[in-house]
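Hello,

Here is the structure I said I would pass on. My notes follow below it.

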Amino acid sequence: MVILVKRVYERPAASDGVRVLADRLWPRGVSKAKAHIDAWAKELAPSTTLRKWVHQNPDKRFGEFVRKYRVELAHKKSMARGILNAKRRLTLVTAVKNPERSHIPVLVSFLKGSVSKSKLTMCSRGHRFLKSSVIPVCPTCWPGRYKKRS
């Protein structure tokens with residue numbers, strides 16, 4: 001799976017695939033129509049308490065923030081699986097000024113770590129997908145999405 005990162009203020013591209021807003025708060029000055037967001041994963045963003053804590057002194061607290069955020073993410077694996085089943089290309093969209101020094105790299109590594117070969121299942125048509133309690137069947141082949149050949 002390819003995971004891209006873009007700022008919400010950049011123009012959307014056709015190659016973005018599924019665009020998921022990875023911030024807890026909606027970005028200022030951007031309408032929902034202009035952002036072209038397919039899903040809003042505010043549950044996967046850092047908690048409000050953690051976000052406010054790191055913003056008090058970001059330079060000194062960033063290392064501890066990463067550790068605490070990973071602990072938060074460990075409890076949200078089922079939410080991540082729902083996003084990962086979407087398509088092969090996923091674009092995490094954020095409003096932070098410096099995505100490299102934010103929660104985004106931690107989230108990307110968490111999402112990539114959630115998709116290991118051992119966790120992927122193959123359907124009868126050869127599609128690989130992450131089987132979960134949210135999506136127990138192949139999202140490409142589920143009934144109603146394709147017509148059976150007679």
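Burial comes first. Of the 150 residues in the protein chain, 36% count as buried. Please keep in mind that this is a predicted model. The chain exposes about 9700 Å². Carbon and sulfur atoms supply 53% of that area.

Next, the fold. The protein chain has 5 helices and 6 strands. Read from the N terminus, the order is β-β-α-β-α-α-α-β-α-β-β. I also looked at contacts between residues at least 6 apart in sequence. Of these, 56% join residues at least 24 apart.

Now the interior. The largest nonpolar core holds 24 residues. Which of them touch the most other members? Leu90, Leu92, Leu107 and Leu111 do. Six elements are listed here, each supplying at least two residues of this core:

- strands β2 (18-21) and β4 (89-94)
- helices α2 (48-56), α3 (58-74), α4 (77-84) and α5 (104-114)

The most comes from α5, which gives 6 residues.

Leu92 is worth a look in your viewer. Set aside its neighbours within four places in sequence. Leu92 is then in contact with Ile3, Leu4, Val5 and Lys6. Val20 and Ala22 are also on the list of Leu92 contacts. So are Leu107, Val108 and Leu111. Two of those names, Leu107 and Leu111, appear above beside Leu92 among the core residues that touch the most other members.

There is also a second, separate core, made of 6 residues. Val8, Val30, Ala35 and Ala95 are among them.

Best wishes

Definitions and conventions
Residues numbered from 1 in each chain as written. Predicted model: local features only at pLDDT ≥ 70, side-chain atom pairs only at ≥ 80, totals over all residues. Heavy atoms only, no water. Core = buried A, V, L, I, M, F, W, Y, C linked by side-chain atoms within 4.5 Å. Buried < 20%, exposed > 50% of the residue type's maximum accessible area, 1.4 Å probe, protein only. Helix = DSSP H or I, 4+ residues; strand = E, 2+ residues; numbered from the N terminus. Contact = heavy atoms within 4.5 Å. Areas by Shrake-Rupley, 256 points an atom, 1.4 Å probe, with all protein chains shown as cover.
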